[in-house]
Amino acid sequence: MPGPKAKIASLDPVWSRICDEGREAVRNEPLLGALIHAGLLHHPTMEGALAYRFSLKLASGEMSEQILREIADEAYRKSPELGNAARADLVAVYDRDPACHRLLQPILFFKGYQALQSYRVAHWLWNEGRKDMSYFIQMRTSETFGVDIHPAAKIGQGVMIDHAHSIVIGETAVVGDNVSMLHSVTLGGTGKEEEDRHPKIGNGVLIGAGAKVLGNIKVGDNSRIAAGSVVLEDIPCCKTVAGVPARIVGDAGCDQPATEMDQLLGKGG
């Protein structure tokens, strides 16, 4: 049904803006013309561009770009929520990261965004029962981007992973909507237990750089975890925690810490 699809694509404001930015970028830097055309302007939809980027970055001598492209195209075709999540994540990065000035930047240049979209394809494979392929995607995502997210982990929409180096998210971890985390964050276990053993992060949580959240604990909605903290116990909603081990040092300081990105403990603490 090419008619409806074309109409939907024409009404996609996020993708339309990305294409406008891409054309402007080519005018400003012609040497990037081939990259931008291949990565963005050649594709009629954002999903197509994401599938291309996924296959290009994760291909190796063990798995061809063509096979990975077919996997990603199937995922986006069968699960429209993947495209919705990708748009929500993109807008989150644009809104919260002061280094992001255009929507095209995360798709082309930001490894946190690209790694998160790779995880989403791996998670789709996991849910389809294709666990070995999902493990392969996890491995290549870790090797390529330095971000290790187990494909069984559950991650909501509107998530920003800033800088993203050395992010680790375990198998039974759950991350809510509109969460922001910085580099070197670990959502891990505390031992060799095999059941539900990883953190549950609520909506709107801000996790500072280097923070470690360990065990099957709950972090309440709209809370803040200070950089370098080690969290071993539940955190109530709308609180700020800091330290090793982390302790409550005050309120969150604002209604939406993940959106405000204010990491100064003086606020609310």
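User: Which element gives the most residues to the lining of the second largest pocket?

Analyst: In this predicted model, the second largest pocket has a volume of about 220 Å³. Of the 13 residues that line this pocket, E81, L82, R120, H123 and I155 are the closest to its centre. Two or more lining residues come from each of α6 (80-96), α8 (111-127) and β2 (154-155). The greatest contribution to the lining, five residues, is that of α8.

User: How many residues of the lining of the second largest pocket are charged?

Analyst: The lining can be divided by class into nonpolar, polar and charged residues. Five of its residues are nonpolar and five are polar. The number of charged residues is three.

User: Which element supplies the largest share of the largest nonpolar core?

Analyst: In soluble globular proteins, nonpolar side chains tend to be buried together. Here the largest nonpolar core has 72 residues, of which I18, M46, M181 and L187 touch the most other members. L187 is also in contact with residues beyond four places in sequence, including V168, M181, I201 and V213. The largest share of the core, eight residues, is supplied by α8.

User: Which residue of β15 stands opposite V241?

Analyst: An open sheet of six strands, with mixed pairing, follows the order β3-β6-β9-β12-β14-β15. Its edge strands, each pairing on one side only, are β3 (160-161) and β15 (247-251). Strand β14 (residues 239-242) runs antiparallel to β15, and four bridges join the two. Opposite V241, the residue in β15 is I248.

Technical notes. Residues numbered from 1 in each chain as written. Predicted model: local features only at pLDDT ≥ 70, side-chain atom pairs only at ≥ 80, totals over all residues. Heavy atoms only, no water. 1 Å grid on protein atoms, 1.4 Å probe; cavity = no way out; pocket = protein on both sides within 12 Å on 5 of 7 lines; lining within 4 Å. Points joined across faces, edges and corners; volume = space filled by probe spheres on them. Nonpolar A, V, L, I, M, F, W, Y, C, P; charged D, E, K, R; others polar. Core = buried A, V, L, I, M, F, W, Y, C linked by side-chain atoms within 4.5 Å. Buried < 20%, exposed > 50% of the residue type's maximum accessible area, 1.4 Å probe, protein only. Contact = heavy atoms within 4.5 Å. Pairing = 2+ DSSP bridges.
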